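Trainee: I would like a close look at a single part of this model, set against the rest of the chain. Please keep it plain and stick to what the coordinates show.

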Amino acid sequence: MLYNNIDTICQFYPFQYAAFANYTPFLHSFCSGNNSFQVLPFGKNKLTLYSENKKLHSGMLSFLRNIIQLILSPAHGWEEISYEGDSAERLAARGMYPLMAIVAVSEFAQGIYAKTIELGALLQSAIAQFCSLLAAYYIGVALFDVFIGRMSTSEVSANKIRTIAIYTVSLLSLIQIIENLVPIEIIILRFLPAFVAIVLWRAKAYLSISKEKEGIYILFAISALIIPWFIVKTLLTFIL
């Protein structure tokens, strides 16, 4: 039988995962004395064994993979994100915050291209960019918490709300990194936030938005996440 060699699997693949189909009982442990393994049900007759030491969908590489999926196919990207169901705290710690830090660091590349720019000015600009992204996240989460329930056909969890904000801010961070690293100003980069709006639009199924309120939703999402980022960045750049 397939499951006679579970001990062998645990011995030789302690940091891997194994998928088992057509096996209905929910097993609490496969390996005696090894508490790092968990069993997750996926459908009626399938469960997945994986190790906490190396989870299949964790880490920044997995986060970046989802970002790429959102860029190539936003609808499928949100389906994948929904399927994985990672916690917002994990996504922020391993994805969004590192990208925001890269945004701030990449601003100093302008000092290489334009040597007349002072270090103090670069530091102020880096702070403005980082703070604008952080403000967009918290403003977006606060507004979604209050209003998204009026547009959805079902209750939207706090984790989903924060996940939407995390991936939106991360896409804006990538746009800012590109702008910082490009030595010349390219007008088309100014229109890239419009693509982020498309990604938000394709999240309507992820958030269970009712068909009657899809138009209101996209206007709200842009106003809650993209516009605050632009306004705060402009204000901070002017003030600093």
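Among contacts in the protein chain between residues at least 6 apart in sequence, what percentage join residues at least 24 apart? With that settled, please take me through helix α7 and the parts around it.

Mentor: This is a predicted model, so every value here is computed from predicted coordinates. To your question: 67% of the contacts between residues at least 6 apart in sequence join residues at least 24 apart. The chain has 240 residues, of which 41% are buried. There are 9 helices and 3 strands, arranged along the sequence as α-β-β-β-α-α-α-α-α-α-α-α.

Now the helix itself. α7 runs over residues 158-181. Its 24 residues reach 34 Å from the first C-alpha to the last, close to the 34 Å expected at 1.5 Å a residue. Of those 24 residues, 17 are buried, so α7 is largely enclosed by the rest of the structure.

What encloses it can be followed through the largest nonpolar core, which has 46 residues. At least two of its residues come from each of α2, α3, α4, α6, α7, α8 and α9. The largest share, 10 residues, is supplied by α7. The residues with the most contacts inside this core are Trp78, Phe144, Ile148, Ile164, Leu207 and Tyr217. Take Ile164 as an example: leaving out residues up to four places away in sequence, it touches Trp78, Phe144, Leu200, Ala203, Tyr206, Leu207 and Leu225.

Aromatic pairs add to the picture. The model contains 6 of them. One joins Phe63 and Tyr167: the ring centres are 4.9 Å apart and the planes meet at 15°, which is under the 30 degrees limit, so the pair is stacked. Phe63 belongs to helix α2 (residues 59-72) and Tyr167 to α7, so the pair ties together parts that are 104 residues apart in sequence. Both residues are buried. Another pair, Phe147 with Phe220, has ring centres 5.9 Å apart and planes at 65°, so it counts as edge-to-face. Here the link is between helix α6 (residues 119-147) and helix α9 (residues 214-239), so parts 73 residues apart in sequence are tied together. Phe147 is partly exposed, at a relative accessible area of 31%, whereas Phe220 is buried, at 13%.

Back to Tyr167. Ring pairs link Phe63, Trp78, Tyr167 and Tyr206 into a cluster. Tyr206 also has a charge over its ring: the charged end of Lys160 sits 4.8 Å from the ring centre.

Trp78 leads to α3, which spans residues 74-84. The buried residues of α3 are Pro74, Gly77, Trp78, Ile81 and Glu84. They cover an arc of only 125° around the axis, which puts them on the same side of the helix. An α-helix has 3.6 residues a turn, so residues three or four places apart point the same way. On the other side of α3, Glu79 and Tyr83 are exposed. The cover over the buried residues of α3 includes α7, along with α2 and α8. After α3 comes Gly85, with a positive phi near 65°.

Helix α4 meets the same region through Ala88. This residue is buried, with a relative accessible area of 4%. Apart from neighbours within four places in sequence, its contacts are Asn159, Arg162, Thr163 and Ile166. Ala88 and Ala165 are 77 residues apart in sequence, yet their C-alpha atoms are 9.4 Å apart in space.

Last comes the loop between α8 and α9, where Ser208 lies. Ser208 has a positive phi, near 55°, in a residue other than glycine. Most residues other than glycine have a negative phi. Ser208 is partly exposed, at 23% relative accessibility. Ser210 has its place in the loop between α8 and α9 too, but it is buried, with a relative accessible area of 12%. Leaving aside neighbours within four places in sequence, Ser210 is in contact with Met151, Ser152 and Thr153.

Conventions: Residues are numbered from 1 along each chain as its sequence is written. This is a predicted model: local features need pLDDT of at least 70, side-chain atom pairs count only at pLDDT 80 or more; totals for chains, interfaces and linings use all residues. Side-chain values use heavy atoms; hydrogens and water are left out. Rings of Phe, Tyr and Trp (its six-membered ring) pair if their centres lie within 6.5 Å; planes under 30 degrees apart count as stacked, over 60 as edge-to-face and the rest as tilted. Helices (H or I, at least four residues) and strands (E, at least two) are DSSP runs, numbered from the N terminus. Buried means under 20% relative accessible area, exposed over 50%, partly exposed in between (1.4 Å probe, protein chains only). A charge sits over a ring if NZ of Lys or CZ of Arg is within 6 Å of the ring centre and within 35 degrees of the ring normal. A nonpolar core is a set of buried Ala, Val, Leu, Ile, Met, Phe, Trp, Tyr and Cys residues joined through side-chain atoms within 4.5 Å. Contact means heavy atoms within 4.5 Å. The expected span of a helix is 1.5 Å times one less than its number of residues. The arc is that of the directions from the helix axis to the C-beta atoms.
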